[in-house]
Amino acid sequence: MSPDPERRSQLFLIFGGPGAGKGTQASLLSQSLGIPHISSGELLREHQRRDTQNVMSSGELLPDDLVTGVVMARLEQSDAAQGAILDGFPRTVAQARALDAWLDQRGGGICAAFYLDVPPDELVARIVNRREISHRGDDNAAVAERRVTIFNREMPPILEHYAAHGQLYRIDGAQSVDRIHKQITEALASPAGPDR
Ligand code: ADP
């Protein structure tokens, strides 16, 4: 299929470990840009299948095909025709390649990728603290440490992938929510582009 010129999806990616604040920042950016916030974790939690839930509650990643299918189906919906903020996807190099292939086919591109950098100990502490409000089975210390380990294993080549394309902005994720949002919006307004 050749790219549809009417459908130039502009995507913004938010990366960071579990508890880094991706969801919060994706939601603020979604409001300021007026395009939907698509969280792979939220989409997958809506999958009420027991095998999916078991993998998620152990902190392991779900199969690339399943996740890619769910996220692409969401991207095909009409409210995402102009673009979207992706939170939690891509999480593996195979997913990043699948997203590139989808954009090549459909038209559109990645405007920017933001990496919210938060030290591993702080990530685990935040997850344990948010358990009271998240009520998520995977928000406990043991599973949080496993999620951080998986993140540290999977993320470097993905960050390199987007850095090599000049699309990656690294943001200090230990700052306040407002400060981070301001840095993201300033980065998007700046003609200089990301530091390479
Ligand atoms: P967090 O980033 O705080 O760990 P998410 O809600 O993004 O939380 O993800 C929760 C779980 O959903 C992950 O631990 C994993 O099991 C599954 N998941 C989410 N996104 C992906 C993805 N892109 N690939 C594989 N598994 C995923």
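Hi everyone, let's start with one residue: Ile38 stands opposite Leu86 in β3. Keep in mind that this is a predicted model.

That pair takes us to the strands. β2 pairs with strand β3, residues 83-87, in the parallel sense, over three bridges. Both belong to an open sheet of five strands, paired in parallel, and the order is β2-β3-β1-β4-β5. Which strands stand at the edges? They are β2 (37-39) and β5 (168-172), and each has a single partner strand, so one side of each is left without a neighbour in the sheet. From one strand to the next, the twist averages 25°.

Let's stay with β3 for a moment and look at Gly83, which lies in that strand. Is Gly83 buried or exposed? Its relative accessibility is 0%, and buried means under 20%, so Gly83 counts as buried. Setting aside residues up to four places away in sequence, Gly83 touches Ser9, Gln10, Leu11, Ile35 and Pro36. There is also a nice pair to find on your screen: Gly83 and Leu33 are 50 residues apart in sequence, with 9.4 Å in space from C-alpha to C-alpha.

Now for the nonpolar cores. The largest one has 30 residues, and those touching the most other members are Leu11, Leu13, Phe15, Leu75, Leu86, Leu99 and Tyr162. So Leu86, the residue opposite Ile38, turns up again here. Where does this core come from? At least two residues each are supplied by β1 (9-16), α2 (40-46), α4 (64-75), β3, α5 (93-106), β4 (108-117) and α7 (141-164).

Tyr162 is a good one to click on. Leaving out neighbours within four places in sequence, its contacts include Leu13, Phe15 and Leu99, along with Pro90, Ala96 and Asp100. Ile110, Ala113, Gln167 and Leu168 are also in contact with Tyr162. A second, separate core has 21 residues, among them Ala112, Phe114, Ile127 and Ile180.

Last stop, a pair of helices. The axes of helix α6, residues 120-134, and α7 come within 9 Å and cross at roughly 140°. α6 and α7 are therefore oblique to each other, and their crossing is right-handed. Which residues make the contact? On the α6 side, they are Pro120, Leu123, Val124, Ile127, Val128 and Arg130. On the α7 side, they are Ala141, Ala144, Glu145, Arg147, Val148 and Asn152. You may recognise Ile127, which is also in the second core.

That's my tour, thanks for listening!

Terms used: Residues are numbered from 1 along each chain as its sequence is written. This is a predicted model: local features need pLDDT of at least 70, side-chain atom pairs count only at pLDDT 80 or more; totals for chains, interfaces and linings use all residues. Side-chain values use heavy atoms; hydrogens and water are left out. Two strands pair if DSSP finds at least two bridges between them. Helices (H or I, at least four residues) and strands (E, at least two) are DSSP runs, numbered from the N terminus. Axes are lines fitted to C-alpha atoms, for helices over the stretch in contact, and angles run from 0 to 180 degrees between N-to-C directions. A nonpolar core is a set of buried Ala, Val, Leu, Ile, Met, Phe, Trp, Tyr and Cys residues joined through side-chain atoms within 4.5 Å. Buried means under 20% relative accessible area, exposed over 50%, partly exposed in between (1.4 Å probe, protein chains only). Contact means heavy atoms within 4.5 Å. Angles under 35 degrees count as roughly parallel, over 145 as roughly antiparallel, 65 to 115 as roughly perpendicular and the rest as oblique. A crossing is left-handed if the near helix is turned anticlockwise from the far one by less than a right angle, and right-handed if clockwise.
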